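Here are my notes on the model you sent over. I've kept them as numbered points so you can follow along with the structure open.

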Amino acid sequence: MILVTLGTQFFPFDRLVRWIDELLAQGVIDEPVLLQHGETTPTRPMHPLVTAIYSLEIGEMQEAVRRSSLVVSHAGQGSARMLARLGARFVLLPRLKRHGEHIDDHQLLFAQAVARLGVPHCTSRTELARYILQPPAPFEGELFKAPSLADHLVLRFG
């Protein structure tokens, strides 16, 4: 199974949904896909191998990550941190401002920054296909030693 997670941003991420659909139609993807789409609503019938779900609880998400041969994730820091902690095989696909997927390109900057730590990312369908055909090794190591921003704020302000 390939897990595709778009996060919960209210900006659509149609580009990634379309690419997954095209890669399924071309046979590049030949295994089930669990699509966590958040506010991005698939607008047409998806490929029969796709199970689309709005959101997953954290335990369900972690179990899906463990069962996946590859996780394709938006480049949100919380998701990347969780995937790294779980030692997942994953690739980040940043939401980009020019496609109306976010207000700026901070996800691209984040993906480029963590690439130095061994986290792969892609910005084209060709690159994504390459990672699907040859998934990266499970991530080993740690992305951040500091607490998450949310944890830091809870500790500081209660």
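What covers the buried residues of helix 5? Keep in mind while looking that this is a predicted model.

1. To take that question directly: the cover over the buried residues of helix 5 includes strand 1 (2-5), helix 1 (14-25), strand 4 (70-73) and strand 5 (90-92). So if you want to find that spot on screen, those elements are a handy place to start.

2. Now for helix 5 itself, which spans residues 125-133. Its buried residues are Leu128, Ala129, Tyr131 and Ile132. Looking down the helix axis, these buried residues fall within an arc of 165°, so they line one face of the helix. Thr126 and Leu133, on the other side of helix 5, are exposed.

3. Next, the sheet. It is an open one with five strands, ordered 3-2-1-4-5, and the pairing is parallel. Strand 3 (50-53) and strand 5 are the edge strands; each has a single partner, so one side of each has no neighbour in the sheet. From one strand to the next, the twist averages 15°.

4. Have a look at where strand 1 meets strand 4. The two pair in the parallel sense over four bridges, and Val4 sits opposite Val72 in strand 4. Helix 1 packs on the sheet, where it touches strand 1, strand 2, strand 3 and strand 4. The direction of helix 1 makes about 170° with that of strand 2.

5. Helix 3 (residues 77-85) is worth a glance too. It lies across strand 4 and strand 5, and runs at about 160° to strand 5.

6. Is Gln36 buried or exposed? This glutamine lies in strand 2 (residues 33-36). Its relative accessibility is 3%, and buried means under 20%, so Gln36 counts as buried. Leaving aside residues up to four places away in sequence, Gln36 touches Val4, Thr5, Leu6 and Gly7, along with Ile53, Tyr54, Ser55, Leu56 and Met61. Val4 is thus on two lists: a contact of Gln36 and the residue opposite Val72.

7. Last, the annotation. UniProt, in an unreviewed entry, places the feature "domain: Glycosyl transferase family 28 C-terminal" at residues 1-132. Over residues 1-132 the chain is 37% helix and 14% strand, and the end C-alpha atoms of that stretch are 11 Å apart.

How values were computed. Residues are numbered from 1 along each chain as its sequence is written. This is a predicted model: local features need pLDDT of at least 70, side-chain atom pairs count only at pLDDT 80 or more; totals for chains, interfaces and linings use all residues. Side-chain values use heavy atoms; hydrogens and water are left out. Buried means under 20% relative accessible area, exposed over 50%, partly exposed in between (1.4 Å probe, protein chains only). The arc is that of the directions from the helix axis to the C-beta atoms. Contact means heavy atoms within 4.5 Å. UniProt positions are given in the numbering used here, feature names are shortened, and annotations may be inferred rather than shown by experiment. Two strands pair if DSSP finds at least two bridges between them. Axes are lines fitted to C-alpha atoms, for helices over the stretch in contact, and angles run from 0 to 180 degrees between N-to-C directions.
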